Structure formats: C-alpha cells, structure tokens
Amino acid sequence: MKHGIYERLQETAHRIARTQPHPAFYLRHADIIRRVDDLLGTAELIRRCRTYLDESQLECAHGLCHCETVARDAGALVLIEAPAAGIGSGFAERLAITAALAGLLHDIKRKEQDHALRGSVEAGKILAGIGMNDRERGHITAAIKNHEAFKESFTSEDREARLVSDALYDADKFRWGPENFTVTLWLILEDRNTPPEALHRTFREKMNGIARIKDTFRTETGRRYGPEIIDQGLVIGNAIYEEMSAMLRR
C-alpha cells in the first residue's frame, strides 16, 4: 500500500476483529453452511457458471472471494428460510443452488454504472449458456437487479423468486460487517490511491450509511443475525477512525 498510514490502520482493523466473537449466524447454522459448501463443490451448474468468472474482469473489492462468500451465505439463507416459506426439502436444495448462482454473478458488472441492472442482463446470457431453465433464470436475474441497498426494491408474488432475491440481498449485506473493514476497504483504497485525508473526511458519513443497513435486511434470518454482523463492523470502523484522527493530528 502506498500510504504507510493504511498499513497501520489495517493492522488495527485485524486486531480489533480478533477481539470480536464469531457472529451467531455462522455458529448456529454451521451445519447448513457446510452443506452449502458441499453443494458449491459438487453442483454441475455451479461448475459451469464458474467458468464464466474471470477475476481480472471483476471489480477489485468485489472479486471471486466476495462472490463465493455471498453465494455460500445466500444458499444457506434459502435452506434456513425454506421450511417457514412452505418449500419442501427436495426443492429447497435446488433453490439454494439458484441463490448461490445469483451470488456468484451478482457483481459481474460492478465496474460499470447501474451495475445491478447491467449485471442482471449479463447473468441472463450466462445462465442461458449453461442450460438454466427460464423460471430459475428469471429468479436470478431479478435478484441481481434487486440487490443494491437504498434503492427501490421490487417484491415478487412468487415465493421462490422472493426468497432467492431476499437471500442474495442479505448475504451481500453480511459483507458490510467485519469483512468490509478488514478486507474490502483496503482493496478500494489501494486501487484508487485515496489519500488518508480524503478517507478521513468521508469516513463518518460512510459509517452512518453502513449503520443504516441494519434496518434493511429482508429475510427473517437476516433480520435476526444481520445487525450483529454490522455492529461488529462498526466497532472496527470506529477504532480505525479514532486512530486515523490521532495520526492526522500529529
């Protein structure tokens, strides 16, 4: 990193992150998350989809690692929520794969303006190419179009489509917790060569925006566990801000 101050702040971020308990979502649903990991490793549609993902074409802070993590959590959320939605276990697994595909593809056009809309169009082409049926392809493209925070969202009358969309949104917003302050922030700063003074000027405003995410989770599971994940990120962010403020005053 060109700015030495960022190396010290990143060390602070990781040190504070290590003091945080493992989020309850990952503890209480560890078995389901492992099950989805297995699906991601064996499902043929997932394998075909991955062949279309090129790290060099993705935005630096929302690359393959980000997309794989969103895919896993989106699939897990579908499996957790399916019984209450009246979706049987056999179909739930297929729907979890559908949500995972949405996770893999949701940021495929992140480098472009209107990335959710453009990404949904590109995802539709990819999904047609790997043999996804029209109905599930529609679930995924709608979910990608609908995954941005603080934008108008559209609720489907189709319960499966709604669950895929809501699961993608929540899985993506889980990344706004500790991951945002230990990984994503530093990738963005390095890519943009942002001076520390510029980061400091906007940091509080961005933190306020992240705090607002707590009220936007869409699944019952997301509403139960998401705020804790965001709060843990804010603890790290506040530590970064305080240390950065002290450094810049010297």
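These questions and answers walk through a predicted model of a protein.

Student: How many helices and how many strands are there in the protein?
Tutor: Read along the sequence, the pattern is α-α-α-α-α-α-α-α-α-α-α-α. No strand appears in that pattern. The count is 12 helices and zero strands.

Student: What is the radius of gyration of the protein, and how does the globule rule compare?
Tutor: The globule rule gives 18 Å for 250 residues. The protein comes close to that, so it is as compact as a globular protein of that length. Its radius of gyration is 18 Å.

Student: What does the C-alpha trace span along its principal axes?
Tutor: The spans are taken along the principal axes of the protein. They are about 60 × 35 × 35 Å.

Student: What share of the residues is buried?
Tutor: A residue counts as buried when its relative accessible area is under 20%. The protein has 250 residues. Of these, the buried ones make up 51%.

Student: Among contacts between residues at least 6 apart in sequence, what share joins residues at least 24 apart?
Tutor: A contact needs heavy atoms within 4.5 Å. Pairs at least 6 apart in sequence form the set here. The share that joins residues at least 24 apart is 79%.

Student: How much of the accessible surface belongs to carbon and sulfur atoms?
Tutor: The accessible surface of the protein comes to about 12100 Å². Carbon and sulfur atoms hold 48%.

Student: How far apart are the mean positions of the positive and negative charges?
Tutor: The protein has 36 positive and 38 negative charges. Each set has a mean position. The two mean positions are 2 Å apart.

Student: How many salt bridges does the structure hold?
Tutor: A salt bridge needs a side-chain nitrogen of Lys or Arg within 4 Å of a carboxyl oxygen of Asp or Glu. The structure's total is 21.

Student: Which parts does the salt bridge of Arg-50 and Glu-68 tie together?
Tutor: The two side chains meet at 2.7 Å, N to O. Arg-50 lies in helix H4 and Glu-68 in helix H5, so the pair ties together parts 18 residues apart in sequence. Arg-50 is partly exposed at 30%, and Glu-68 is partly exposed at 24%. The parts tied together are helix H4 (residues 44-50) and helix H5 (residues 64-81).

Student: Where do Lys-214 and Asp-231 lie?
Tutor: Their side chains meet in a salt bridge of 2.9 Å, N to O. The pair ties together parts that are 17 residues apart in sequence. Lys-214 is partly exposed at 28%, and Asp-231 is partly exposed at 34%. Lys-214 lies in the loop between helix H11 (196-212) and helix H12 (220-249), and Asp-231 in helix H12.

Student: What separates Arg-223 and Glu-220 within helix H12?
Tutor: These side chains meet in a salt bridge of 3.3 Å, N to O. Arg-223 is partly exposed at 44%, and Glu-220 at 39%. The residues are three apart in helix H12, so they are separated by about one helical turn.

Student: Which residues are linked with Arg-72 in a network of salt bridges?
Tutor: The network takes in both Arg and acidic residues, Asp and Glu. Besides Arg-72, its members are Asp-73, Arg-175 and Glu-179.

Student: Is Asn-180 buried or exposed, and which residues does Asn-180 touch?
Tutor: Asn-180 is found in helix H10 (residues 178-192). Its relative accessible area is 16%, so Asn-180 is buried. Not counting residues up to four places away in sequence, Asn-180 touches Arg-175, Leu-185 and Ile-210.

How values were computed:
Residues numbered from 1 in each chain as written. Predicted model: local features only at pLDDT ≥ 70, side-chain atom pairs only at ≥ 80, totals over all residues. Heavy atoms only, no water. Helix = DSSP H or I, 4+ residues; strand = E, 2+ residues; numbered from the N terminus. Rg over C-alpha atoms; globule rule 2.2 N^0.38 Å. Buried < 20%, exposed > 50% of the residue type's maximum accessible area, 1.4 Å probe, protein only. Areas by Shrake-Rupley, 256 points an atom, 1.4 Å probe, with all protein chains shown as cover. Lys, Arg positive; Asp, Glu negative; His and termini not counted. Charge placed at Lys NZ, Arg CZ, Asp CG, Glu CD.
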